[in-house]
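Biologist: I would like to learn how to read aromatic pairs, buried residues and pockets in a model. Could we take these features in turn?

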Amino acid sequence: MTTFGCQMNAHDSERIKGVLEELGLGEAPSRDAADVIVFNTCTIREKPDQRLAAHLAQARALKDRDPERVIAVGGCYAEAQREQLFAKYPFVDVAFGPGSIRHLADWVGSGGLGQPASGLRVSRGRFAAFDQFAGDLPARREQPFQAWVQVSMGCNSKCSYCIVPAVRGREQSRRPDEILAEVTRLAKDGVREVTLLGQNVNSWGRDLAPQTTMEFGGLLRAVDAVNGIERVRFTSPHPKDFREEVIHAMAECRSVCEHAHLPAQSGSSAVLKRMRRTYSRERYVRLAERMRSEIPDLALTTDLIVGFPGESDDDFAQTLSLVEEVGFDGAFTFVFSPRVGTEAASLPKPVAEEVKAERIERLIDVVQAVARKRNAERVGRAEEVLVEGPSRNDPSIRRGRTRRNTTVNFSGAAAAGELVQVAIEDSTSTTLRGTQQALAIA
């Protein structure tokens, strides 16, 4: 299985794997050995589409050698291309959008969940509308001590560059009792860290009124109260919906981590207006300042787009200055690519590709310089680290994350899933390095 895109797709992929395992289909050691090849796709930007086309070409070659092999395409690209997908890729057997995962067992296998496959039976070309959340579906998590928890699906915002509302629909909040029941089950199963997921996670609950008066700050407090959960994260919030109660919950709840991913997208109020982000640069900066003043030791990360239609040299300079003024601990940086079906695809004054390339390099340099300075301030401190396993580059070194969501590589003997104290001795723009202190955290 190959996954593209965001954390929501990572969560969906865990459910897809769980559904397929319920059919008796274990994960193959390689694509060549697989009976079913699944691509869970993203279509937010052009690059994932191009990567998918290359992967599908390889899968087609495998299917030519073994016509019984099943190729399935799920996720946002499948939803966006539902009318053209099979015409463009006739060798694809099954396509399903983000809201159709629970039906996958009906289309691949022998009759649905709980009915192990005795040979594959494929119902080709099915889609289904979103009907209910996938929290009760089986899942195979990448780490036994960490879990994604979906709290909402879809988005009601109308950002001019974004295809998400078209492929994931309008916002639908999951009921709080269902969320808390899932978190409680996960805690009993040994999960120590949960990440609450939604396209606009901090507007959760508003579509449930009058059924519930709880909003996202109250949900954070309720999850914080679940015994056994040591860390609570959430992503992604929208600046326009970051209300005082959420800030207070972050400041006051023991398990809610001191990190917020707060997508800015641009530092220019003029560009933000064309993006339909509904906040100005000044409003964003005031929010960041208020969060940092109320939440001790808060880390802020962000998303930034360069080359949006009409972005002038001055607009871009304002994005660079925003990075320095806010002092982001990290940023995901993107070159604007128009998506069919969005307002931004037809906006005038496109930015030349060579200008975009030059701007993204300059932006990355500034982001890294600010992040390097922020991380250097951690040297000499002790950080609580949730161990995730060995370092990717050196198996003798352990790897984990701080509460502020910074990767730490350290010397020590802690097992994955342990909480340990690490003395920070060095840093880069993206990581910390150190040595495990004597006692683990119970």
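Modeller: We will go through ring pairs, then two buried residues, then a pocket, keeping in mind that this is a predicted model.

Biologist: How many aromatic pairs are there in this structure, and what is the geometry of the pair formed by Tyr161 and Phe308?

Modeller: The general idea is that ring centres must lie within 6.5 Å, and planes over 60 degrees apart count as edge-to-face. By this rule there are seven aromatic pairs. One of them joins Tyr161 and Phe308, whose centres are 6.4 Å apart with 85° between the planes, so the pair is edge-to-face.

Biologist: Which parts of the chain does the pair of Tyr161 and Phe308 tie together?

Modeller: Tyr161 lies in the loop between β8 (152–153) and α6 (164–168), while Phe308 lies in the loop between β13 (299–306) and α12 (313–326), and the pair therefore ties together parts that are 147 residues apart in sequence. Both Tyr161 and Phe308 are buried.
Phe308 also forms an edge-to-face pair with Phe336, at 5.2 Å centre to centre and 70° between the planes. Phe336 sits in the loop between β14 (330–335) and α13 (353–376), 28 residues from Phe308, so that this pair too links distant parts of the chain. Through these ring pairs Tyr161, Phe308 and Phe336 are linked into a cluster.

Biologist: Are Phe308 and Phe336 buried or exposed, taking their relative accessible areas of 0% and 9%?

Modeller: Buried means under 20% relative accessible area. Phe308, at 0%, is therefore buried, and Phe336, at 9%, is buried as well.

Biologist: What does Glu388 touch, and which residues are in contact with Thr406?

Modeller: Glu388 belongs to strand β15 (residues 382–390) and counts as buried because its relative accessibility is 15%. Setting aside residues up to four places away in sequence, Glu388 touches Gln143, Phe145, Gln146, Arg399, Gly400, Arg401 and Ala416.
Thr406 is found in the loop between β16 (398–402) and β17 (407–411), and at 10% relative accessibility Thr406 counts as buried. Beyond its neighbours within four places in sequence, Thr406 has contacts with Asn375, Gly400, Arg401, Thr430 and Leu432.

Biologist: Which residues and elements line the second largest pocket?

Modeller: The second largest pocket holds about 380 Å³ of space. Its lining has 19 residues, and those closest to the centre of the pocket are Gly26, Glu27, Ala28, Ala34 and Val36. The elements giving two or more residues to this lining are α1 (7–22) and β2 (36–41), with α1 providing the largest share, four residues. By residue class, the lining of the second largest pocket divides into 10 nonpolar, three polar and six charged residues.

Methods:
Residues are numbered from 1 along each chain as its sequence is written. This is a predicted model: local features need pLDDT of at least 70, side-chain atom pairs count only at pLDDT 80 or more; totals for chains, interfaces and linings use all residues. Side-chain values use heavy atoms; hydrogens and water are left out. Rings of Phe, Tyr and Trp (its six-membered ring) pair if their centres lie within 6.5 Å; planes under 30 degrees apart count as stacked, over 60 as edge-to-face and the rest as tilted. Buried means under 20% relative accessible area, exposed over 50%, partly exposed in between (1.4 Å probe, protein chains only). Contact means heavy atoms within 4.5 Å. On a 1 Å grid over the protein atoms alone, a cavity is a set of points where a 1.4 Å probe fits but cannot get out, and a pocket is an open set with protein on both sides within 12 Å along at least five of seven lines; lining residues have an atom within 4 Å of a point. Grid points are joined across faces, edges and corners, and a volume is the space filled by probe spheres set on the points. Ala, Val, Leu, Ile, Met, Phe, Trp, Tyr, Cys and Pro count as nonpolar, Asp, Glu, Lys and Arg as charged, and the others, Gly among them, as polar.
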